[in-house]
Number of protein chains: 2
Amino acid sequence: MATLKKVAGMLTIYGDSTSGNCLKVKWTAERLAIPYTWIDVNIMNGESRTPDFLAMNPAGQVPTAVLDDGRALAQSNAIICYLAEGSPLIPADAYQRARMLEWMFWEQYSHEPYVAVARFQMMHLGKPLAEIEPRIIERGKAALAQMEAALSDRDFLVDGALTLADIALVAYTRMAADGGFALGDYPAVETWVERIEAALPIRDPR
Amino acid sequence: MATLKKVAGMLTIYGDSTSGNCLKVKWTAERLAIPYTWIDVNIMNGESRTPDFLAMNPAGQVPTAVLDDGRALAQSNAIICYLAEGSPLIPADAYQRARMLEWMFWEQYSHEPYVAVARFQMMHLGKPLAEIEPRIIERGKAALAQMEAALSDRDFLVDGALTLADIALVAYTRMAADGGFALGDYPAVETWVERIEAALPIRDPR
């Protein structure tokens, strides 16, 4: 990480460009045409555990955003909710807005800890697929199957339009193959990934 | 579970009264004086996996709420966001609202999977403390330590007032002893638990 200094008056995203959680914030800013500075943080060599970093985010996690007024905010899904307030990425209807949050909380509890963790263990810890804990694989498949059922009759997760739920879920779903999951087994999910990548648009490599 | 029928026109909460996630919804409804029907669901004997239940919530999880108009909503934190819209439990300021969500997403990712899971394994699976995976205990302690640091200089997690962040976090924190965590090691957290229990108020046994 080159520096912990932010550009005054501009959103700063501290992130790792291989992390789906970090990319969610980047894509949301880009979709909403919010200018930002991206500062790469390598969590594998302790850059998110320095005193300067922990002062911004005591959890020592990326992404961490520093807003244009200098205040910090953590948790990818909380950051994108903040950035997208008042935009079409959040449904105007209260029930649909709650359904969006339902998917986003579900993502952090029932999807990311399996689909993203399998990928992390294979890519960053060098574990072969056969050594990933079977419970992680099973629950990752269950999460993808639940998305497949939901997407069988609709183009977007909520309310017929692109919302933060799609951004939150596409982040690790599009890279599921890195964790040993075959997206081809979930054709509605695979088509949805392509739809969301085109809609945002996403140019980052899978 | 006596029945899956809801009372027409009234919020129905399908829940397990020993589950902190379910109690969050009950406390929020009571705090806001929203009438509700509570239907006990025993997840240990498959009651959340019946076809009727899965039609409401394909994830087969409690709590599941059926709103007064008959629409279902899952994920405790999404349900309480819906119920509390426009109330003082959600800060009016956009940044403080995002901080509230930051704590709520953190709760589901960095607190519940350790503090609540240790309790579940001891209470429901009958594991002795010595057999709980050390990683679960370590991360649960780290979560409580992070709350201790945050609460050392404030009465509530966000913005000087009771918000959904306090409700979400108090749910399993107040029962941390059931998972082998000593709340006495976190005095600011212990005092905060008593404060939130008194403020809501919470009458459910710990």
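Here is a short back-and-forth about this predicted two-chain model.

User: Let's start with the layout of chain A. Which residue ranges does the domain assignment give for domain 1 and domain 2?

Analyst: The assignment splits chain A into two domains. Taken over C-alpha atoms, their centres sit 21 Å apart. The ranges are 11-83 for domain 1 and 94-199 for domain 2.

User: Which element gives the largest share of the side of domain 1 of chain A that touches domain 2 of chain A?

Analyst: Between these domains, 10 residues of domain 1 are in contact with 10 residues of domain 2 in chain A. On the domain 1 side, α1 (20-31) and α3 (76-83) of chain A each supply at least two residues. The largest share is 6 residues, and the element that gives them is α1(A).

User: And how do the residues on that side of domain 1 of chain A divide by type?

Analyst: We're still on the side of domain 1 that touches domain 2 in chain A, where α1(A) has the largest share. The residues there come out as 5 nonpolar, 4 polar and 1 charged.

User: On to the sheet in chain A. Which strands stand at its edges?

Analyst: The sheet is open and has 4 strands, ordered β2-β1-β3-β4 in chain A, with mixed pairing. An edge strand here has a single partner, so one side of it is left without a neighbour in the sheet. From one strand to the next, the twist averages 20 degrees. The edge strands are β2 (36-40) and β4 (72-74) of chain A.

User: Which residue of β2(A) stands opposite Ile13(A)?

Analyst: Strand β1 (residues 11-15) of chain A runs parallel to β2(A), and 5 bridges join them. Along this pair, Thr12(A) has Thr37(A) as its bridge partner. Opposite Ile13(A) you'll find Trp38(A).

User: Why is β1(A) described as largely enclosed by the rest of the structure?

Analyst: Check both faces of the strand. On one side Leu11(A), Ile13(A) and Gly15(A) are buried, and on the other Thr12(A) and Tyr14(A) are buried too. β1(A) is largely enclosed because its buried count is 5 of the 5 residues.

User: At about what angle does α1(A) run to β1(A)?

Analyst: Helix α1(A) lies across β1, β2 and β3 (64-66) of chain A. Its direction relative to β1(A) is about 155 degrees.

User: Now chain B. What is the strand order of its sheet, and which strands are at the edges?

Analyst: This open sheet has 4 strands in the order β2-β1-β3-β4 of chain B, and the pairing is mixed. Its twist averages 20 degrees from one strand to the next. Pairing on one side only marks the edge strands, β2 (36-40) and β4 of chain B.

User: How many bridges pair β1 with β2 in chain B?

Analyst: Two of the facing pairs are easy to find: Leu11(B) stands opposite Tyr36(B), and Thr12(B) stands opposite Thr37(B). Strand β1 (residues 11-15) and β2 of chain B pair in the parallel sense, and the number of bridges is 5.

User: How many residues of α3(B) are buried, and which element of chain A do they pack against?

Analyst: The buried residues of α3(B) include Ser76(B), Ile79(B), Cys81(B) and Leu83(B). The helix is largely enclosed by the rest of the structure because 8 of the 8 residues are buried. Within chain B, they pack against α1 (20-31), β3 (64-66), β4, α4 and α6 (164-173). Their partner in chain A is α4 (94-123).

User: Which element gives the most to the side of chain B that touches chain A?

Analyst: The contact takes 23 residues from chain B and 23 from chain A. On the chain B side, the elements giving two or more residues are β4 (72-74), α3 (76-83), α4 (94-123) and α5 (134-151). That side divides into 15 nonpolar, 5 polar and 3 charged residues. With 10 residues, the element that gives the most is α4(B).

User: Last one: which residues touch the most other members of the largest nonpolar core?

Analyst: That core has 122 residues. Take Trp103(B): leaving aside neighbours within four places in sequence, its contacts are Leu157(B), Val158(B), Ala165(B), Ala168(B) and Leu169(B). The residues touching the most other core members are Trp103(A), Leu164(A), Ala165(A), Trp103(B), Leu164(B) and Ala165(B).

Terms used. Residues are numbered from 1 along each chain as its sequence is written. Chains are lettered from A and ligands numbered from 1 in the order in which they are written. This is a predicted model: local features need pLDDT of at least 70, side-chain atom pairs count only at pLDDT 80 or more; totals for chains, interfaces and linings use all residues. Domain bounds come from an automatic or database domain assignment. Two residues are in contact if their C-beta atoms, placed from the backbone, lie within 7 Å. Ala, Val, Leu, Ile, Met, Phe, Trp, Tyr, Cys and Pro count as nonpolar, Asp, Glu, Lys and Arg as charged, and the others, Gly among them, as polar. Two strands pair if DSSP finds at least two bridges between them. Axes are lines fitted to C-alpha atoms, for helices over the stretch in contact, and angles run from 0 to 180 degrees between N-to-C directions. A nonpolar core is a set of buried Ala, Val, Leu, Ile, Met, Phe, Trp, Tyr and Cys residues joined through C-beta atoms within 7 Å. A residue is buried if 20 or more other C-beta atoms lie within 10 Å of its own, exposed if 12 or fewer, and partly exposed in between; C-beta atoms are placed from the backbone.
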